[in-house]
Amino acid sequence: MGSISWDRQNGFTNEPYWKDATFYQVYPASFKDSNGDGWGDLPGLISELDYLSDLGVDVIWVSPIFDSPQKDMGYDVRDYQKIYAPYGSIEDVDILLRESHNRGMKVILDLVVNHTSQEHEWFQESRSSKDNPKRDWYIWKPPRYDAEGTRIPPTNWRSYFAGPTWTFDEHTREYYLHLYASDQPDLNWDNASCRRAIYDNTMRFWLDRGVDGFRIDTVNKYSKRQDFVDAPVTDPSSPHQSAPEMWCNGPRIHEFIHEMNRDVLAPYEAVSVGELSNTPDPRQVRPYVSARAQELDMVFEFSLIRLGTGNILGPKYIYQPFPLSKMKALTQKWQFVDGTDDAWTTVFVENHDNARAVCRFGDSSTPELWNKSAKTIALWQVTLTGTLFLYQGQEIGMTNMPSSWGIEEYKDVESTGFYEEAVQSGDPELIKKTLHGLGHLARDHSRIPFQWDASPNAGFTREGATPWMRVHDEYKSINVARQRDDPDSILSFYKKALTLRKQHRDLFVFGSFTLLDPEDESVFSYVKRDIKGHTDKIAVVTLNMSGEQQMGTDVASILGSEARLVVSTQDGSKLVDGRPVLKPWEGRVYVNY
């Protein structure tokens, strides 16, 4: 990042590799198990590097592998310089780096530094006494008392995992702050010594070993408001209230991120992509990703991928159906940059915190519609401006857990927390709606074992082993082996689409975005123009996102007689009066050259 210069007329004079790279997120517990213990591991990942290279992956993002009690699947770190034993060892990381680099792929790790595990030695010291030197490395506050003299937390804030954000510690008689589970106490970034330890212990240590950068978890939550006041009561039925305004994009956040970049990221030229929640305005996002600001290279903003969820800090799992026009509007909103801008954006529709795209944005009701809609989603993603991120299994159309599975199959702390809250309410309707919402939206859907083949346990682990999560019932029909040599498969289409994206990077990676027919609830069409290269190249993308035949946009009126079809998810029949007749869930791209 530090070597890139910006010129207002010509854009980046040395375009960084990560802009047109394809990133692929690996959730290692569920990717490939090499030793039969039912838990994915680094040797398993290493064994499939050729698969990732053949797919067209440029950068592998590995979700947390640090030593952890696994209360939140590794997002509760006990030791940043050790690997959780079931994943392997530091030496395995070295092999992963070497073998990935030998194949021309880079590797980034998941950096979790808003909080640690309560078992981390820093927190153990912090809670040992009020005068310990590390006491101020976490956020401690004395209790309050109500009119009856009952002890209550310092504020009424609601946790991301339901319940309060404060836990009382009997030893020192104070509360500590945790925006997530009580096992995940928040670090105090206002303490300079704490920040320096984070840079040394969690970042330089791995960069010195050859890691190419970081996906930075919860990056805009490091700076909290320091008055620690109650949030407004928006849910009278609960003692805990939504309060993201108290800790997102706080008063010193840009100071902290700039310091992180200046002191660590830039000297190593390490790529950075931050998780930026509760920041729904592009004007708020720009300061994080402006090259002039020298903070982060990219961020993930979640408005689009959160479609269908309820209030993120309230009844999150009460499913909210949405029209295509809303999805279009959010896509347009976050296509706020192009190749002439000094800011940058990301393109993604799946990750470890969200359910499967083909079930949420496509149609998995029949095998035929599943295949077609997954390809159309792929075409939508690869033609958008920004850096593309894929999540493991997206490329083969992995689907949500079957609706017949019960709550006992849900392992995630967030899923179980919201379900338990519904149960405790005693409201049968809320319990029913929560279960229904979990079936659509739960994080668990993305975490079931990767489906490699039709052998027992889907090839994720050996026969006779017990996977840590149940293997999908449909693994024999949805797996890599079945799709690898099938030219009509989703996997084959992803390979074709990723090649198309690189071949036409001036339009799809760096081009401007113009939405067409925003109110059409069946067809999603837009124009991509080459702005960076100062050419007349234009592409028209038209996607039928419905189960009925539709007329696509008037391609001829935009591209003229030079309109040329470069890809179709189906057969790509001829234009009729300048418009394509799109079959159910068919997508096409036309260009003028």
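The exercises below deal with cavities, a pocket and one helix pair in a predicted model.

Residues are numbered from 1 along each chain as its sequence is written. Local features need pLDDT of at least 70 and side-chain atom pairs count only at pLDDT 80 or more, while totals for chains, interfaces and linings use all residues, and side-chain values use heavy atoms, with hydrogens and water left out.

**Exercise 1.** Describe the largest cavity and its lining.

Solution. Start with the term: on a 1 Å grid over the protein atoms alone, a cavity is a set of points where a 1.4 Å probe fits but cannot get out, and lining residues have an atom within 4 Å of a point. The count comes to three cavities of 30 Å³ or more. The largest has a volume of about 210 Å³, a volume being the space filled by probe spheres set on the points, which are joined across faces, edges and corners. Its lining has 17 residues, with Glu301, Trp334, Thr345, Thr346 and Phe348 closest to the centre. Strand E15 (298-301), helix H8 (324-334) and strand E16 (346-347) each give two or more residues; helices (H or I, at least four residues) and strands (E, at least two) are DSSP runs numbered from the N terminus.

**Exercise 2.** Find which helix supplies the largest share of the lining of the second largest cavity, then examine how H10 packs with H14.

Solution. The second largest cavity has a volume of about 50 Å³. Helix H9 (357-360) and helix H10 (367-382) each supply at least two lining residues, and the largest share, three residues, comes from H10. Among the lining residues are Ala374, Ala378 and Tyr494.

Next, H10 and helix H14 (residues 490-503) pack at about 15 degrees with their axes 10 Å apart. Axes are lines fitted to C-alpha atoms, for helices over the stretch in contact, and angles run from 0 to 180 degrees between N-to-C directions. The pair is therefore roughly parallel (angles under 35 degrees). Contact (heavy atoms within 4.5 Å) involves residues including Ala374 and Ala378 of H10 and Tyr494 of H14.

**Exercise 3.** Describe the largest pocket and its lining.

Solution. A pocket is an open set of grid points with protein on both sides within 12 Å along at least five of seven lines. About 700 Å³ of space lies in the largest pocket. Of its 31 lining residues, Ser364, Thr399, His472, Glu474 and Ile478 lie nearest the centre. Helix H12 gives the most to this lining, with four residues.

Methods: Parallel < 35°, antiparallel > 145°, perpendicular 65-115°, else oblique.
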